[in-house]
Amino acid sequence: MLSRRLARARLLPRALRPSTPRSAINQIRCLSQAEIEDPDMTGGYINPPREKRQFRDPYADWWDKQERRNYGEPIHEDNDILAVFSHDEYGHYTPAQGFALMGCFIATTLGLCGIVRMFYPDKPSVPRTFPDGLEKELGGPNALPVR
């Protein structure tokens, strides 16, 4: 009984404390350092608008056709993220279309499993027969008694 009281006494102050640490409340988080206006951080370098090169016209007359940029064009501060060889942004299907495709796949797979289960033979179509029905071997009424 005393141990239960001690356990409750220890847990009560912990339950009354705020769940978030104090350091997390005072921090201000931002998505990118490039979005913060900080004068002369880049030494007067012009930071162009954030545009992923994947979405630029591939058939335009670029000086560098592989990276889709012209000679002397300023490079964004996050060039490693915005370049052609970074991860592609997937835009072929919306999430709703993706869930619809997954639902069609699951329905088709379960339907095929149901059809196979209906027509799959669980037992042989003709049961196997033996002479005298294995009466002697299995210990029927005409079998020899065991000593």
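This passage walks through the fold, the charged pairs, the rings and the surface of a predicted model.

Start with the overall picture. The protein has four helices and zero strands, and reading along the sequence gives the pattern α-α-α-α. Of its 147 residues, 11% count as buried. The accessible surface comes to about 14,400 Å², with 60% of that belonging to carbon and sulfur atoms. As for how the chain meets itself, 48% of the contacts between residues at least 6 apart in sequence join residues at least 24 apart.

Confidence is worth a look before going into detail. The average pLDDT for the protein is 78, and 71% of the residues score at least 70. Among the elements, helix H4 (residues 95-119) has the highest mean pLDDT, at 95, while H2 has the lowest, at 55.

Now for the charged side chains. The count comes to five salt bridges, and several of them involve the loop between H2 and H3. One of these pairs is Arg53 with Glu67, whose closest N and O atoms are 3.0 Å apart. The Arg53–Glu67 pair links distant parts of the chain: both residues sit in the loop between helix H2 (22-26) and helix H3 (79-82), 14 residues apart. Both partners are on the covered side of the cut-off: Arg53 is buried, because its relative accessible area of 6% is under 20%, and Glu67 is buried too, with a value of 17%.

Arg56 is the residue to follow next. Its salt bridge with Glu73 has the closest N and O atoms 2.6 Å apart. Arg56 and Glu73 both lie in the loop between H2 and H3, so this pair ties together parts that are 17 residues apart in sequence. Salt bridges with shared partners join Glu51, Arg56 and Glu73 into one network. Within that network, the side chains of Arg56 and Glu51 meet at 3.6 Å, N to O. Arg56 itself is buried, at a relative accessible area of 13%.

Glu51, at the other end of that bridge, also belongs to the loop between H2 and H3. With a relative accessible area of 39%, Glu51 is partly exposed, because that class covers values between the 20% limit for buried and the 50% limit for exposed. Setting aside neighbours within four places in sequence, Glu51 is in contact with Arg56 and Leu82. There is also a longer step along the chain to note: Glu51 and Asp78 are 27 residues apart, and their C-alpha atoms are separated by 10.0 Å.

Arg68 is a backbone oddity. Most residues other than glycine have a negative phi. Arg68 is not a glycine, yet its phi is positive, at about 55°. The residue is found in the loop between H2 and H3, and at 17% relative accessibility Arg68 counts as buried.

On to the aromatic residues. The structure holds one aromatic pair. The rings are those of Trp63 and Tyr71, with centres 5.1 Å apart and planes at 65°, so the pair is edge-to-face. The angle settles the label here, because planes over 60 degrees apart count as edge-to-face. Trp63 and Tyr71 are both exposed.

Aromatic side chains turn up again on the surface. Tyr90, Tyr93 and Leu101 make a nonpolar surface patch of about 370 Å². Of these, Leu101 lies in helix H4, the element with the highest mean pLDDT. Leu101 counts as partly exposed, at 46% relative accessibility. That value makes Leu101 eligible for a patch, because patch residues need over 30% relative accessible area.

Last comes the segment after H4, which is where Asn142 is placed. Asn142 is exposed, with a relative accessible area of 59%. Leaving aside neighbours within four places in sequence, the contacts of Asn142 are with Glu135 and Lys136.

Note on methods:
Residues are numbered from 1 along each chain as its sequence is written. This is a predicted model: local features need pLDDT of at least 70, side-chain atom pairs count only at pLDDT 80 or more; totals for chains, interfaces and linings use all residues. Side-chain values use heavy atoms; hydrogens and water are left out. A salt bridge is a side-chain nitrogen of Lys or Arg within 4 Å of a carboxyl oxygen of Asp or Glu. Buried means under 20% relative accessible area, exposed over 50%, partly exposed in between (1.4 Å probe, protein chains only). Helices (H or I, at least four residues) and strands (E, at least two) are DSSP runs, numbered from the N terminus. pLDDT is the predictor's confidence in each residue, from 0 to 100. Patches are made of residues with over 30% relative accessible area and no salt bridge: like charges are joined within 9 Å, nonpolar side chains (Val, Leu, Ile, Met, Phe, Trp, Tyr) within 5 Å. Accessible areas come from the Shrake-Rupley method with a 1.4 Å probe; for residues, only the protein chains shown count as cover. Contact means heavy atoms within 4.5 Å. Rings of Phe, Tyr and Trp (its six-membered ring) pair if their centres lie within 6.5 Å; planes under 30 degrees apart count as stacked, over 60 as edge-to-face and the rest as tilted.
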